[in-house]
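I opened a fresh page for this chain and kept notes as I went. Here is what I looked up, in the order I looked.

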Amino acid sequence: MIRLRTQRNLQSGLGLIEIMIALLLGAIIMLGVTEIATQNSLTRNELERFGRQLETATYAMRVIESDVTNAAFWGERGEYPAGATAPPICIDDADELEEAMGYPIQGGQGDITGCSGVTGNKLEPKSGTDFIAIRRVSSCADLSPGCPTDNSHFHLQVHACFDTTSALKPGDSFQIGQLPHSSNLEQRDCSTAAPSYRFLNHIYFVNDDDKLIRAQLSGTTYSTEELVENVETMRFEYGLDTDGDGQVDDY
């Protein structure tokens, strides 16, 4: 008698509990991966935001620094004495411009009134922030190559004739007005008409939208331009030279 014997290999499948555990472990892993990706994204965004802020601050400082460096440049006139009273921030006529030559840097806080040409005739810095006005003349003379000339702007012309027989010394005589300039004011050669330089009055402040704004004298009115965004505040510290030795004595 021949007997045939067979054997069946039974393989059991996954039960419900095992499937649920596997799904839970997968979900935990996915949550971990998602959290890492989110943190990396937040870190990258924060670094980009910080980089933009640093770039913005650097640009703003460079713009103001360039103006401050050239403050009180009056061409051949040189230093001008300060008057008994400070001029308005928004100067707009020849007499005020001459008075402002003694105050090449002037700052404060609060609204700036009397600024014709802007909404409500005033500039409105953000509460608690500083503003600063910087006065000088352009570094390029009118009619020189690359220097645009507009007769509607105020210009400074200084008599620089060096004549030992005259009691009038270079820089003693000057005029502020709109072009054309006077032929009576001469250069050092005492024969060529002295150059004219555009008078600049730049006012920097931060507005309520956290934007650094520059207002400037254009003709007899003021125009504004947005320089940079995301500037929350602006503060200035002034070093005072009280004895005229060129060193800061007080702040």
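**Entry 1: a cysteine pair**

I started with C147, which counts as buried at 10% relative accessibility. Its partner C140 counts as partly exposed, at 24%; the cut-off for buried is under 20%. C140 and C147 form a disulfide with the sulfur atoms 2.3 Å apart. I looked up the torsion about the S-S bond too: it is about 70 degrees, so this disulfide is right-handed. A reminder to myself that this is a predicted model, and that every value here is computed from it.

**Entry 2: the other disulfides**

How many disulfides does a search of the whole structure find? I get 3.

I took C161 and C190 next; their sulfur atoms lie 1.9 Å apart in a disulfide. C161 sits in the loop between β5 (154-158) and β6, while C190 sits in the loop between β6 and β7, so the pair ties together parts that are 29 residues apart in sequence. The torsion about this S-S bond is about 95 degrees, so the link is right-handed. Is each partner buried or exposed, or something in between? C161 counts as buried at 6% relative accessibility, whereas C190 counts as partly exposed at 26%.

Then I went to C90 and C115, which are joined by a disulfide with an S to S distance of 1.9 Å. C90 is in the loop between α1 (16-70) and α2 (94-100), and C115 is in the loop between β2 and β3, so this disulfide ties together parts 25 residues apart in sequence. Both cysteines, C90 and C115, are buried. The link of C90 and C115 is right-handed, with 75 degrees about the S-S bond.

Counting bonded cysteines along the chain, I wrote the pattern down as 1-2, 3-4, 5-6.

**Entry 3: salt bridges**

Next I turned to charge. Side chains of opposite charge can pair when their charged atoms come close. The count comes to 5 salt bridges, and I followed up some of them.

I found R214 and E225 meeting in a salt bridge at 2.7 Å, N to O. The pair links distant parts of the chain, with R214 in strand β8 and E225 in strand β9, 11 residues apart. R214 is buried, with a relative accessible area of 17%, whereas E225 counts as partly exposed at 30%.

K211 and E226 also meet in a salt bridge, at 3.3 Å from N to O. K211 lies in strand β8 (residues 211-218) and E226 in strand β9 (residues 221-229), so the pair ties together parts 15 residues apart in sequence. K211 is partly exposed, with a relative accessible area of 22%, and E226 counts as partly exposed at 41%.

For D111 and K122, I noted a salt bridge of 3.5 Å, N to O. This pair links distant parts of the chain, 11 residues apart: D111 is in the loop between β1 (105-109) and β2 (112-113), and K122 is in strand β3 (residues 122-123). D111 is partly exposed at 41% relative accessible area, and K122 is partly exposed at 31%.

**Entry 4: a buried glutamate**

Where does E186 lie? I found E186 in the loop between β6 (174-178) and β7 (196-206). E186 is buried yet has no salt bridge, and the nearest side chain of opposite charge, R188, is 12 Å away. A salt bridge needs the nitrogen within 4 Å of a carboxyl oxygen. Leaving aside neighbours within four places in sequence, I listed contacts of E186 that include V158, H159, A160, C161 and S191.

**Entry 5: the whole chain**

Last, I stepped back. The protein chain has 2 helices and 9 strands, and from the N terminus on its elements run α-α-β-β-β-β-β-β-β-β-β.

I checked the overall dimensions as well. The C-alpha trace spans about 150 × 40 × 40 Å along its principal axes. The radius of gyration is 34 Å, where a compact globule of 251 residues would have one near 18 Å.

Of the 251 residues, 31% count as buried. The chain exposes about 16,300 Å², and carbon and sulfur atoms supply 52% of that. Among contacts with a separation of 6 or more, residues 24 or more positions apart account for 58%.

Notes:
Residues numbered from 1 in each chain as written. Predicted model: local features only at pLDDT ≥ 70, side-chain atom pairs only at ≥ 80, totals over all residues. Heavy atoms only, no water. Helix = DSSP H or I, 4+ residues; strand = E, 2+ residues; numbered from the N terminus. Buried < 20%, exposed > 50% of the residue type's maximum accessible area, 1.4 Å probe, protein only. Lys, Arg positive; Asp, Glu negative; His and termini not counted. Contact = heavy atoms within 4.5 Å. Disulfide = S-S within 2.5 Å. Rg over C-alpha atoms; globule rule 2.2 N^0.38 Å. Areas by Shrake-Rupley, 256 points an atom, 1.4 Å probe, with all protein chains shown as cover.
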